[in-house]
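The exercises below ask you to work through a helical arrangement step by step, with the coordinates open beside the text. Try each task before reading its solution.

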Amino acid sequence: MGFWIFMLIIDMLIPITMIGFGSYFVKSGGPQEINTLFGYRTSMSMKNKDTWAFAHKYCGKLWRLIGWVILFPSVGCMLFVADKDIGVTGLIGGIISGCQLVFLIFPIVF
């Protein structure tokens with residue numbers, strides 16, 4: 001049961017991070033200065049301050065929405081393996097994390 005709780009927490013990290021940073025980006029528009037260390041950094045978003053602010057607000061909205069959408073199915077899938085052995089729990093938890101990573105990177109396309 002301890003490993004299941006660990007995997008549940010791990011599988012909640014990406015959606016909660018997406019919700020948190022999404023809310024931050026929507027509220028503040030991201031970092032005030034264009035930088036190469038923190039923020040939604042693509043060649044298009046770093047062209048000028050207007051595109052920088054727009055990209056952060058847009059990405060923030062997507063991340064916040066996607067974070068809420070993937071949070072509940074992730075927890076739901078983990079509930080199905082609550083009483084399974086460590087191998088099954090680890091496999092399902094890893095698959096869920098891999099799928100979440102796809103959704104984390106998905107807003108870059110837009």
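## Exercise 1: The chain as a whole

Task: establish how the contacts in the protein chain are distributed along the sequence, and then describe its elements, extent and surface.

Solution. Among contacts in the protein chain between residues at least 6 apart in sequence, 64% join residues at least 24 apart, where contact means heavy atoms within 4.5 Å. The coordinates are a predicted model, in which local features need pLDDT of at least 70, side-chain atom pairs count only at pLDDT 80 or more, and totals for chains, interfaces and linings use all residues. Residues are numbered from 1 along each chain as its sequence is written, and side-chain values use heavy atoms, with hydrogens and water left out.

Next, take the elements: the chain has 3 helices and 0 strands, running α-α-α from the N terminus on. Helices (H or I, at least four residues) and strands (E, at least two) are DSSP runs, numbered from the N terminus.

For the extent, the C-alpha atoms fill a box of roughly 50 × 20 × 20 Å along the principal axes. The accessible surface comes to about 6,800 Å², and 76% of this surface belongs to carbon and sulfur atoms; such areas come from the Shrake-Rupley method with a 1.4 Å probe, and for residues only the protein chains shown count as cover. Of the 110 residues, 34% count as buried (buried means under 20% relative accessible area, exposed over 50%, partly exposed in between, with a 1.4 Å probe and protein chains only).

## Exercise 2: Three helix pairs

Task: determine how α1, α2 and α3 are oriented towards one another, starting from the crossing of α1 and α2.

Solution. Axes are lines fitted to C-alpha atoms, for helices over the stretch in contact, and angles run from 0 to 180 degrees between N-to-C directions. Angles under 35 degrees count as roughly parallel, over 145 as roughly antiparallel, 65 to 115 as roughly perpendicular and the rest as oblique.

Step 1. The axes of α1 (residues 2–28) and α2 (residues 49–80) come within 7 Å and cross at roughly 160 degrees, which means that α1 is roughly antiparallel to α2. The residues of this contact divide into 19 nonpolar, 6 polar and 5 charged (Ala, Val, Leu, Ile, Met, Phe, Trp, Tyr, Cys and Pro count as nonpolar, Asp, Glu, Lys and Arg as charged, and the others, Gly among them, as polar).

Step 2. Helix α3 (residues 86–105) packs against α2 at an angle of about 170 degrees, with the axes 11 Å apart, and α2 and α3 are therefore roughly antiparallel to each other. The α2 side of the contact includes W63, I66 and I70, and the α3 side includes I92, I96 and F103; by class the contact has 9 nonpolar, 4 polar and no charged residues.

Step 3. For α1 and α3 the axes come within 10 Å and cross at roughly 5 degrees, so α1 and α3 are roughly parallel to each other.

## Exercise 3: Two residues

Task: decide whether G67 and F6 are buried, partly exposed or exposed.

Solution. G67 is found in helix α2 and, at 0% relative accessibility, counts as buried. Leaving aside its neighbours within four places in sequence, G67 is in contact with P15, M18 and I19. F6, in helix α1, has 46% relative accessibility and therefore counts as partly exposed; F6 and G90 are 84 residues apart in sequence and 9.8 Å apart in space, C-alpha to C-alpha.
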